[in-house]
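Please look at the sequence and the model below, and then follow this short report section by section.

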Amino acid sequence: MKKLLILIFLVQPFVVFSQTEEVESVTQTVQLYFDGMIQRDRGKLEEAFFAEARLIGYRGDQLFVTPFAEWADGTSKGSRRDPALYKNEVKAVKIVGNIALAEAELFWPGIYYYDFLTLIKMDGKWKIVHKSWTEKPLEL
């Protein structure tokens with residue numbers, strides 16, 4: 001029993017360190033998504049998302065189901081946004097094996113978004129495979 005406790009004590013830091021690294025990797029992927037939207041950078045969006053990802057959410061009472069390519073086309077058009085006007089934040093990350101769920105809040109001029117992002121680790125990299133979102137107008 002004493003040997004088992006010593007083994008657990010010695011291995012525990014490595015498990016925590018590994019989990020912390022994975023949370024950081026998931027957060028970096030979500031940050032690529034944030035940066036890609038603000039900078040209108042298609043390359044960053046493609047790095048963050050799986051090519052077959054779907055984005056599903058409500059704008060008002062209307063449900064939208066959008067393939068990633070269609071969403072990325074619209075999101076990457078136009079001039080860069082002013083990052084000072086936007087606040088995007090990862091609120092929580094949960095990882096189980098090679099899947100993760102990230103919760104994100106996005107405060108944009110006049111609107112609030114809440115995202116649930118499902119990620120899968122593919123070829124050693126985390127990719128967003130699904131985005132469920134909702135929005136509500138902010139009082140100005």
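In which sense do strands E1 and E2 pair, and over how many bridges?

## The first strand and its partners

In this predicted model, strand E1, which covers residues 49-59, pairs with strand E2, residues 62-67, in the antiparallel sense, and six bridges hold that pairing. Within this pairing, Arg54 of E1 has Pro67 in E2 as its bridge partner. The hairpin that E1 and E2 form has two residues between the strands, and here Gly60 takes a positive phi near 65°.

Strand E1 is also joined to strand E6, residues 125-137, and these two strands run parallel, with six bridges between them. In this second pairing, Leu55 stands opposite Lys131 of E6.

## One side of helix H3

Helix H3 spans residues 68-75, and its buried residues include Phe68, Trp71, Ala72 and Thr75. These four residues lie on the same side of H3, because they cover an arc of only 100° around the axis. Behind this lies a general rule: an α-helix has 3.6 residues a turn, so residues three or four places apart point the same way.

## The chain as a whole

The protein chain contains three helices and six strands, and, read from the N terminus on, its elements follow the order α-α-β-β-α-β-β-β-β. Of the 140 residues in the chain, 33% are buried, while the chain exposes about 9000 Å², of which carbon and sulfur atoms supply 59%.

If one takes the contacts between residues at least 6 apart in sequence, 48% of them join residues that are at least 24 apart.

Note on methods
Residues are numbered from 1 along each chain as its sequence is written. This is a predicted model: local features need pLDDT of at least 70, side-chain atom pairs count only at pLDDT 80 or more; totals for chains, interfaces and linings use all residues. Side-chain values use heavy atoms; hydrogens and water are left out. Two strands pair if DSSP finds at least two bridges between them. Buried means under 20% relative accessible area, exposed over 50%, partly exposed in between (1.4 Å probe, protein chains only). The arc is that of the directions from the helix axis to the C-beta atoms. Contact means heavy atoms within 4.5 Å. Accessible areas come from the Shrake-Rupley method with a 1.4 Å probe; for residues, only the protein chains shown count as cover.
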